[in-house]
Amino acid sequence: MTESTHIALAAESATFSKAEINIGIIPTFGGTQRLPRNVGRKAAIELILTGRAFTSKEAASLGLINRVVADADLLKEAITLANELATKPPLTLAAALAAIHRGMDASIDDGLAIEEAAFARIVPTLDAQEGVAAFVEKRRPTFVGK
């Protein structure tokens with residue numbers, strides 16, 4: 001399932017389930033841990049204990065996926081999103097993801113400290129300098145991953 005992806009798109013016809021209960025086992029590889037963090041404890045308990053299938057629309061309403069797209073447009077939308085992310089500074093993307101993931105299970109004060117440390121590591125990068133310069137000069141930045 002998509003509970004361990006950063007961003008998820010799904011086709012309108014897609015269905016999902018945590019069906020392990022139906023064969024007498026529990027979800028593994030983080031399934032009992034990541035799903036509640038993504039959709040909330042009660043929704044995760046229902047999905048895990050019933051093993052029922054659910055639609056992409058329900059997955060989106062639970063926050064399990066970001067967006068539902070027409071079946072025929074799924075690949076195009078995924079490529080568009082990937083291309084958009086590819087224009088962003090890679091070190092900054094990685095720092096933001098790390099701060100989000102590390103801070104999710106921390107207190108707000110610890111999470112803010114994690115964020116501050118990530119920001120301090122990014123500010124001196126060439127990409128951060130390029131981004132600020134491009135903003136001031138009203139042009140598109142060109143990031144180099146440094």
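Biologist: Where does F29 lie?

Modeller: F29 is in the loop between strand 2 (15-17) and helix 1. Keep in mind that this is a predicted model.

Biologist: What is odd about the phi of F29?

Modeller: F29 is not a glycine, yet its phi is positive, about 55°.

Biologist: Buried or exposed, that F29?

Modeller: Exposed, because F29 has a relative accessibility of 81% and the cut-off for exposed is over 50%.

Biologist: Which residue in the segment after helix 7 also has a positive phi without being a glycine?

Modeller: K138, which lies in the segment after helix 7. The phi of K138 is about 55°. K138 is exposed, with a relative accessible area of 76%.

Biologist: Back to helix 1. At what angle does helix 1 pack with helix 2?

Modeller: The angle between helix 1 and helix 2 (residues 41-50) is about 135°, and their axes are 7 Å apart. The two helices are therefore oblique to each other. The crossing of helix 1 past helix 2 is right-handed.

Biologist: Which residues meet there?

Modeller: From helix 1 there are G31, T32, L35, P36 and V39, and from helix 2 there are R41, A43, A44, L47 and I48. By type, the residues of this contact between helix 1 and helix 2 are seven nonpolar, two polar and one charged.

Biologist: Now helix 5 and helix 6. How do their axes cross?

Modeller: The axes of helix 5 (residues 90-104) and helix 6 (residues 108-122) cross at roughly 165° and come within 9 Å.

Biologist: Why are helix 5 and helix 6 called roughly antiparallel?

Modeller: Because the crossing is at roughly 165°, and angles over 145 degrees count as roughly antiparallel. Helix 5 passes helix 6 in a crossing that is right-handed.

Biologist: And which residues of helix 5 and helix 6 meet?

Modeller: On the helix 5 side they are L91, T92, A95, A99, R102 and G103; on the helix 6 side, G111, I114, E115, A118 and I122. The contact of helix 5 with helix 6 is made up of six nonpolar, three polar and two charged residues.

Biologist: Switching to charges. How many salt bridges does the structure hold?

Modeller: Six. Side chains of opposite charge can pair when their charged atoms come close.

Biologist: Which residue does D105 meet in a salt bridge?

Modeller: R37, with 3.5 Å from N to O. D105 sits in the loop between helix 5 and helix 6, while R37 is in helix 1 (residues 31-39), so the pair links distant parts of the chain, 68 residues apart. D105 counts as exposed, at 58% relative accessibility.

Biologist: Which residues are linked in a network of salt bridges?

Modeller: E46, R52 and E58 are linked in that way. Within the network, E58 and R52 meet through their side chains at 2.6 Å, N to O.

Biologist: How accessible are E58 and R52?

Modeller: E58 counts as partly exposed, at 24% relative accessibility. R52 is partly exposed too, with a relative accessible area of 26%.

Biologist: What does R139 form a salt bridge with?

Modeller: With E130; the closest N and O atoms of that pair are 2.6 Å apart. E130 is in helix 7 (residues 126-136).

Biologist: Is the pair buried or exposed?

Modeller: The two partners have to be taken separately. E130 is buried, because its relative accessible area is 18% and buried means under 20%. R139 is partly exposed, with a relative accessible area of 35%.

Biologist: What does E130 touch, leaving out residues up to four places away in sequence?

Modeller: R139, R140, P141, T142 and F143. The salt-bridge partner R139 is one of them.

Biologist: Last topic, G145. Where does G145 lie?

Modeller: G145 is in the segment after helix 7. G145 is partly exposed, with a relative accessible area of 26%.

Biologist: How far apart are G145 and P89?

Modeller: In sequence, G145 and P89 are 56 residues apart; in space, 6.0 Å from C-alpha to C-alpha.

Biologist: Which residues is G145 in contact with, apart from neighbours within four places in sequence?

Modeller: P90, L91 and D127. L91 came up before, among the helix 5 residues that meet helix 6.

Note on methods: Residues are numbered from 1 along each chain as its sequence is written. This is a predicted model: local features need pLDDT of at least 70, side-chain atom pairs count only at pLDDT 80 or more; totals for chains, interfaces and linings use all residues. Side-chain values use heavy atoms; hydrogens and water are left out. Axes are lines fitted to C-alpha atoms, for helices over the stretch in contact, and angles run from 0 to 180 degrees between N-to-C directions. Helices (H or I, at least four residues) and strands (E, at least two) are DSSP runs, numbered from the N terminus. Angles under 35 degrees count as roughly parallel, over 145 as roughly antiparallel, 65 to 115 as roughly perpendicular and the rest as oblique. A crossing is left-handed if the near helix is turned anticlockwise from the far one by less than a right angle, and right-handed if clockwise. Contact means heavy atoms within 4.5 Å. Ala, Val, Leu, Ile, Met, Phe, Trp, Tyr, Cys and Pro count as nonpolar, Asp, Glu, Lys and Arg as charged, and the others, Gly among them, as polar. A salt bridge is a side-chain nitrogen of Lys or Arg within 4 Å of a carboxyl oxygen of Asp or Glu. Buried means under 20% relative accessible area, exposed over 50%, partly exposed in between (1.4 Å probe, protein chains only).
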